[in-house]
Amino acid sequence: MEFVAMNRKVSIDLTPGVYDFESSSATGKTLLVKMIKSLGDKTKVALTYNDILLGIDLEGIIASQPEILVFDRFDMYDEKASILKTLKGSGIIVLVDYKTQRHFCNFDDTCWVTLTENSLEVSL
């Protein structure tokens, strides 16, 4: 999947599944969330903890079958953690950023963000 957001080319080189980001800081994970949010595209969705606090309809978003769903700081969503298990096999590329716990589900793999001045790539 490729698109342009905030003057950067974004490439997501993953198949549908649930992936956890490599956990190093300052790699571009939060920038990816901001970039996806800037699109206003219902097929590409990024959520933050604040979105959850504001009562976003997570089940409705999932039911709409976006191509990609990115969760920023998912370790803060404790009560929503079980949703990851239901997303496995959903046909959605799900990317999960967390800072602490890794017991939310058995992730398909760890993905990495490569950030340059003009691009952002997510791959295995």
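## Terms and overall architecture

A residue is called buried when its relative accessible area is under 20%, exposed when that area is over 50%, and partly exposed in between. By this scale Lys9, with a relative accessible area of 41%, is partly exposed. The same terms serve for the residues discussed below. The structure described here is a predicted model.

The protein contains four helices and eight strands. Read from the N terminus, its elements follow the order β-β-β-α-β-α-α-β-α-β-β-β. The radius of gyration of the protein is 13 Å, close to the 14 Å that the globule rule gives for 124 residues, so the protein is as compact as a globular protein of that length. Along the principal axes, the C-alpha atoms occupy a box of roughly 35 × 25 × 25 Å.

## Burial, contacts and surface

Of the 124 residues in the protein, 47% count as buried. Contacts between residues at least 6 apart in sequence can be divided by their separation: 64% of them join residues at least 24 apart.

The accessible surface of the protein amounts to about 6400 Å², and carbon and sulfur atoms account for 49% of this surface. The protein carries 13 positive and 18 negative charges, and the mean positions of these two sets are 3 Å apart.

## Loop residues

Two residues that are not glycines nevertheless have a positive phi: for Asn7 the angle is about 65 degrees, and for Arg73 the angle is about 55 degrees. Asn7 sits in the loop between β1 (2-5) and β2 (8-13). Its relative accessible area is 75%, and Asn7 is therefore exposed. Arg73 belongs to the loop between β5 (68-71) and α4 (83-87). With a relative accessibility of 27%, Arg73 counts as partly exposed.

A further loop residue is Asn106, which is located between β6 (93-96) and β7 (109-115). Asn106 counts as exposed because its relative accessibility is 65%. In sequence, Asn106 and Lys88 are 18 residues apart, while their C-alpha atoms are 9.2 Å apart in space.

## Salt bridges

The structure holds five salt bridges. One of them joins Lys9 to Glu2, with 3.6 Å between the closest N and O atoms. Lys9 is partly exposed at a relative accessible area of 41%, whereas Glu2 counts as exposed at 55% relative accessibility.

A second pair is formed by the side chains of Asp51 and Lys37, which meet in a salt bridge with an N to O distance of 2.8 Å. This pair links distant parts of the chain: Asp51 lies in helix α2 (residues 49-53) and Lys37 in helix α1 (residues 29-39), and the two are 14 residues apart. Asp51 is buried, as its relative accessible area is 13%. Lys37, with a relative accessibility of 39%, counts as partly exposed.

## A salt-bridge network

The side chains of Asp41 and Lys44 also meet in a salt bridge, at 3.4 Å from N to O. Asp41 counts as partly exposed at 30% relative accessibility, while Lys44 is buried with a relative accessible area of 12%. Asp41 and Lys44 are linked with Glu67 in a network of salt bridges.

## Ile52 and its surroundings

Helix α2, which holds Asp51, also contains Ile52. Which residues does Ile52 contact, leaving aside its neighbours within four places in sequence? Ile52 is in contact with Leu58, Tyr77, Glu79 and Lys80. At 12% relative accessibility, Ile52 counts as buried.

Ile52 can also be placed relative to Met76. The two residues are 24 apart in sequence, and their C-alpha atoms are separated by 9.9 Å in space.

Note on methods:
Residues are numbered from 1 along each chain as its sequence is written. This is a predicted model: local features need pLDDT of at least 70, side-chain atom pairs count only at pLDDT 80 or more; totals for chains, interfaces and linings use all residues. Side-chain values use heavy atoms; hydrogens and water are left out. The radius of gyration is taken over C-alpha atoms; the globule rule is 2.2 Å times the number of residues to the power 0.38. Buried means under 20% relative accessible area, exposed over 50%, partly exposed in between (1.4 Å probe, protein chains only). Contact means heavy atoms within 4.5 Å. Accessible areas come from the Shrake-Rupley method with a 1.4 Å probe; for residues, only the protein chains shown count as cover. Lys and Arg count as positive and Asp and Glu as negative; His and the chain ends are not counted. The place of a charge is taken as NZ of Lys, CZ of Arg, CG of Asp or CD of Glu. A salt bridge is a side-chain nitrogen of Lys or Arg within 4 Å of a carboxyl oxygen of Asp or Glu.
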